[in-house]
Amino acid sequence: MSKYLPTIGIEVHVELKTNTKIFSNSRNGYGSVVNSLTNVVDLGYPGTLPTLNEEVINLGIKAATVLNCKIRRKMHFDRKNYFYPDNPKNYQITQNDTPIGYDGYVEINDDGVMKKIYIEEMHIEEDTCKSTHRKDNTYLDFNRAGVPLIEIVTKPCMTTPNEAKLYLEKLRELLFYTDVSDCKMEEGSMRADANISLRKKESDPFGTKVEIKNIGSISNVKLSLEKEIARQEKMLDNNESFKEQTRRFDSKLNDTVLMRVKETGNDYRYFPEPDIPFVEITDEMIENVKKTIPMLPDERREKYIELGISEINSNKLVQNRDLSDYINDLLDEKIDFQVAANLLLGDISAYLNKEEKTIEETTLNIERFIDLVNNVSNKTISSKNLKDILETIMTKEDSIEKIISSSDVQNITDENLLTEVVDKIIDANPESVNDYKNGHDRAIKYLMGQIMKETKGGANPALVMSILKDKLDN
Amino acid sequence: MKNKLTKEEVLHVADLARIEVTKEELEKYQVELKKLLDDVEKINEVENYDDEIMIAPWTNNTTLRSDVEGPMLDPKEVLLNAPHHTANYIAVPTVINENESEGA
């Protein structure tokens, strides 16, 4: 147990999943030809005016709702002034005074202990252009300029690097499931900064704050905080003082590195953006947005567990939104959900990964999937044999029964399973058993037929005969 | 009330605007900037009738734009006003060392 108490706050930028940019109608896209997704507004030409994208406000309302934030009903934008080539109009349009959402929280589950992570505020702003720094020049790509962002700022309420990780995972899950953002950290559509300070006990004032900027993955957020805590502990132990500073995480060095402190600090001279009049958020706008919010991850997990799916598989399903959406379409069906989840997460996932397909791109529609689940749960087909016919199931439109019965591998060869069926048929047909024992060989054929019927023709006949004879002769 | 800004105040503003000032300019701006600030201060003398801030000389709300894509510039046009460019990128003097992050 460390003798210092860490205090951690997280700031996250996420790019919103809109068609167009926040203040212009050029495309919001990733991976296009350099400087091909711009117009004069994005390039900051004199005389151009911003026009606010309706969908940005809708996604802001949506994010605020799922993050349990209060929604600001009348808001404006502000100019954050700074001179830097990533923003040629020399100010970024953001929300300083009136963030769209405030006083929210998300709940994390830290090894069985629930904790609320409080959100101070979330505001809408425009992204800057992407700068690539080289020794000779800085290179600018304006495709990202004007992409809508929301910045979500927590209160300094986390006390361990693991809480920070769990918070980010929760945030990403919520924003991804609500289509607010695609939350791809590797493409920069979700970016995290962490603030960390240490103090000896809770009643002490906060220690000196260090900001770790632009951390590229959730696991690196946890790692960089662990490294930074260790670094600060050592300094405090040695009575070394240090100034507030900005650092970055170097994944090659596996440690945080000091960044040069900017001389101008936070002198951004904010003032209200006069080119965008007030934005009023009505009850109707909020209600319309709420209608578009799907079943959220926590509710899905609960529902799956209630339907008999294991906790591990419930979590795995939520981690795969395609499969989770797929199974959500059949929640009202009377099927064995344990089997359904095993199929989706096992053989079907393996097939989809191998073929690089989504389940929607296969012929396995909901009706055929229900048939498949039923055939597996009533043991018409063993999971072993399923592997051999899965490709046919996923690429052809024939009924599951037809595929099973016309395949070479329809035989159920599970001896324990067949013994169960044999026992059942023997118990149900005492007359035939007697007939056989009295020398009527035809009786065994009748019993055999009943077993094949019971297994919908799926049993391996030779194996059934061997088990049956064994039972009858002893 | 003092009638000019300090040298440090002017140099700070110059630094924020990324401009260099000569010794003569510095003295001139100490007086000029102070005059500008005093003029702006006069706004504070106006009686406030409303608690709400005023962000523009009108009271109507903004009109939201539909999220529909419009025409975009060809990269060639984008580069027309850029003195230096390489492979579609606009090139500017290196602004930070590699340890520093991007702007805001």
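A residue is counted as exposed if 12 or fewer other C-beta atoms lie within 10 Å of its own C-beta atom, and as buried if 20 or more do. By this criterion B:A87, with 9 C-beta neighbours inside 10 Å, is exposed. The residue belongs to the loop between β1 and β2 of chain B, and its phi is near 45°, a positive value in a residue other than glycine. The structure in which this loop is found is a predicted model of a complex of chain A and chain B, to which the predictor assigns an ipTM of 0.84 and a pTM of 0.83.

Chain A comprises 474 residues, of which 39% are buried. Its secondary structure consists of 15 helices and 16 strands. The domain assignment divides the chain into domain 1 (5-287), domain 2 (297-406) and domain 3 (415-473). A distance of 38 Å separates the C-alpha centres of domain 1 of chain A and domain 2 of chain A. The overall dimensions of the chain were also computed. The radius of gyration of chain A is 31 Å, whereas a compact globule of 474 residues would have a value near 23 Å. Along the principal axes, the C-alpha trace of chain A spans about 105 × 55 × 50 Å. When contacts in chain A between residues at least 6 apart in sequence are considered, 70% of them join residues at least 24 apart.

Several strands of chain A are arranged in an open sheet of 9 strands with mixed pairing, in the order β2-β6-β7-β10-β1-β11-β12-β13-β14. The edges of this sheet are formed by β2 (70-71) and β14 (255-258) of chain A, each of which pairs on one side only. Within the sheet, strand β6 (residues 101-110) and strand β7 (residues 113-126) of chain A run antiparallel and are joined by 9 bridges. One of the bridge pairs places A:E107 opposite its partner A:K116 in β7(A).

Further antiparallel pairing in chain A involves strand β4 (residues 78-81), which is joined to strand β5 (residues 91-94) by 4 bridges. The strand β4(A) also pairs in the antiparallel sense with strand β15 (residues 271-272) of chain A, over 2 bridges. A:D78 takes part in both pairings: its bridge partner in β5(A) is A:T94, and it stands opposite A:P272 in β15(A).

A loop residue of chain A also has an unusual backbone angle for its type: A:N239 has a positive phi of about 60° although it is not a glycine. This residue is placed in the loop between α3 (218-237) and β13 (245-250) of chain A. A:N239 is exposed, with 6 other C-beta atoms within 10 Å.

Chain B has 104 residues, and 9% of them count as buried. The chain contains 3 helices and 2 strands, and from the N terminus on these elements follow one another as α-α-α-β-β. The mean pLDDT of chain B is 85, with 87% of its residues at 70 or more. Over residues 98-104 of chain B, however, the pLDDT is below 50, although this stretch has 22 contacts in the model beyond near neighbours in sequence. Where pLDDT is low, the predicted coordinates should not be read in detail.

The two chains meet in an interface in which 40 residues of chain B are in contact with 57 residues of chain A. On the side of chain B that touches chain A, α1 (7-16), α3 (75-79) and β2 (89-93) of chain B each supply at least two residues. The element that gives the most to this side is β2(B), with 5 residues. By class, the side of chain B that touches chain A has 20 nonpolar, 12 polar and 8 charged residues.

The strand β2(B) is also part of a sheet that includes strands of both chains. Four strands form this open sheet, with antiparallel pairing, in the order β8(A)-β9(A)-β2(B)-β1(B). Its edge strands are β8 (130-133) of chain A and β1 (85-86) of chain B, each of which pairs on one side only. The link between the chains is made where strand β9 (residues 137-141) of chain A pairs with β2(B) in the antiparallel sense over 4 bridges. In this pairing, A:N137 stands opposite B:P93 in β2(B).

Notes: Residues numbered from 1 in each chain as written. Chains lettered and ligands numbered in written order. Predicted model: local features only at pLDDT ≥ 70, side-chain atom pairs only at ≥ 80, totals over all residues. Contact = placed C-beta atoms within 7 Å. Nonpolar A, V, L, I, M, F, W, Y, C, P; charged D, E, K, R; others polar. Pairing = 2+ DSSP bridges. Rg over C-alpha atoms; globule rule 2.2 N^0.38 Å. Domains from an automatic or database assignment. pLDDT = per-residue confidence, 0-100.
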